[in-house]
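Colleague: I have a model open and would like to learn how to read it. Could you take me through it feature by feature?

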Amino acid sequence: MKITFLAIIITLPCLGETSHWYKGNTHAHTTLCGHADSTPSVVAQWYHDHGYHFAILSEHNKFIDPKTVKLKGEIREDFLLLPGEEVTGRKTVHSTAMNVNRLVPWHFDHEHRSKIIQKHVDETIKAGGATILNHPNFGWAVQAKDMLPVKKLYLFELYNGHPSVRNFGDHRHPSTEQLWDDLLTQGMTIYGVSSDDAHHFGQWNPGKSNPGRGWVMVRTKELTSDTITEAMTRGDFYASSGVMLKKVVRGPKRIEIEVDEEATDKELASPILIGHKVKKGKPGYLVEFIGPKGKVIESSVETKASCPVNLPYLRCKVTRRIKQKDGDLIEYYAWVQPVFTDDRTKDSE
Ligand SMILES: [Zn+2]
Ligand SMILES: [Zn+2]
């Protein structure tokens with residue numbers, strides 16, 4: 001007994017010292033769904049070979065046990081397949097059940113979507129996992145009123161790389177970022193995820209749902225299914241559609257960030273990224289600190305910036321705007337999760 005006890009005190013401090021950033025995609029499909037082009041092994045291999053640290057094979061209403069997925073060649077130790085499923089339910093409510101230990105049922109129906117979403121969340125918790133509410137603007141299915149009453153929902157897809165999910169809204173519907181600001185303003189504890197929703201690993205063009213377009217950078221001490229899931233549900237990550245950060249401090253009183261220009265340039269050199277076409281703006285970086293109602297509190301064109309958190313909450317968004325040879329302006333983003341100064345996070349403790 002004594003030996004075990006000593007071993008625990010010796011190893012604990014070593015485990016706890018350093019946090020790492022882990023790159024991951026929480027949403028990808030395989031031939032098992034019938035409308036994607038690659039097997040689970042090929043999909044997992046793509047993420048492994050492209051420097052990701054974790055991926056979820058989130059199949060529609062199917063549970064792919066990571067143990068059954070075989071990778072080829074030398075397998076990096078810092079690569080993990082997280083178990084998951086895309087719970088593909090009624091009224092176009094889809095969610096990623098991340099870190100579940102079995103299939104999560106999906107048949108529930110109700111006249112109110114909030115009740116369907118609540119069922120996704122509750123059933124996912126019963127299976128040991130956490131819910132990411134997926135692509136709310138797909139089919140204009142999910143609005144703020146559907147998400148706001150849901151308990152224990154902490155994650156949603158702010159950005160999804162599939163070409164038909166309408167991340168940026170239209171003249172009648174809010175963008176997912178406006179939806180996020182609305183939810184945050186109304187007191188919800190909700191963090192924004194960026195994912196691929198990849199289906200096509202064989203043919204490459206902007207009309208296909210290819211991988212490598214949206215990811216999360218999660219900060220944890222270890223790379224395990226539990227630590228990644230826990231870090232995400234407490235907002236210890238940022239979402240990216242191209243921009244990489246080297247420093248993120250989400251202190252109780254201040255958010256501080258620094259762009260990793262080299263890593264961003266490397267990501268943006270990839271032909272896979274699609275970016276978001278805009279009509280105006282100067283090329284370069286723009287850091288915005290955003291408070292309630294989506295109001296920009298402070299902004300900077302430097303790659304290092306910080307802002308005090310004085311309001312009920314503050315979040316940060318970094319934009320890299322590029323002028324292409326044909327004159328088009330394209331934007332890529334990193335979204336840092338909000339810091340809350342009111343007592344809303346008490347519910348999640
Ligand atoms: Zn979906
Ligand atoms: Zn999907």
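Modeller: Let us go through the domains, the core, one sheet and one helix in turn. This is a predicted model, in which local features need pLDDT of at least 70, side-chain atom pairs count only at pLDDT 80 or more, and totals for chains, interfaces and linings use all residues. Residues are numbered from 1 along each chain as its sequence is written, while chains are lettered from A and ligands numbered from 1 in the order in which they are written.

Colleague: Which domains does the chain have?

Modeller: Domain bounds come from an automatic or database domain assignment. Here that gives domain 1 (18-240) and domain 2 (251-258 + 270-342). Over C-alpha atoms, their centres are 22 Å apart. Domain 1 puts 18 residues into the contact and domain 2 puts in 16, where contact means C-beta atoms, placed from the backbone, within 7 Å.

Colleague: Where does the largest nonpolar core lie?

Modeller: In soluble globular proteins, nonpolar side chains tend to be buried together. A nonpolar core is a set of buried Ala, Val, Leu, Ile, Met, Phe, Trp, Tyr and Cys residues joined through C-beta atoms within 7 Å; buried means 20 or more other C-beta atoms within 10 Å of the residue's own, with C-beta atoms placed from the backbone. The largest one has 77 residues, and Ala 55, Ile 255, Val 318 and Ala 334 touch the most other members. Strand E18 (residues 329-340) supplies the largest share, seven residues. Both domain 1 (18-240) and domain 2 (251-258 + 270-342) contribute, so this core lies between them. Beyond four places in sequence, the contacts of Ile 255 include Phe 289, Leu 314 and Val 336.

Colleague: What is the order of the strands in the open sheet?

Modeller: Strands (E, at least two residues) and helices (H or I, at least four) are DSSP runs, numbered from the N terminus, and two strands pair if DSSP finds at least two bridges between them. The five-strand open sheet runs E4-E5-E6-E7-E8, with mixed pairing. Strands E4 (84-88) and E8 (191-195) each have a single partner strand, so one side of each is left without a neighbour in the sheet. E7 (residues 155-160) and E8 are parallel over five bridges, and Leu 155 has Tyr 191 in E8 as its bridge partner.

Colleague: How many residues of helix H2 are buried?

Modeller: Seven of the ten in H2 (residues 40-49) are, so this helix is largely enclosed by the rest of the structure. Among them are Val 43, Trp 46 and Tyr 47. The buried residues of H2 pack against strands E1 (20-25), E2 (54-56) and E3 (80-82). Just after H2, Gly 51 has a positive phi of about 80 degrees.

Definitions and conventions
Buried ≥ 20, exposed ≤ 12 C-beta atoms within 10 Å, placed from the backbone. Contact = placed C-beta atoms within 7 Å.
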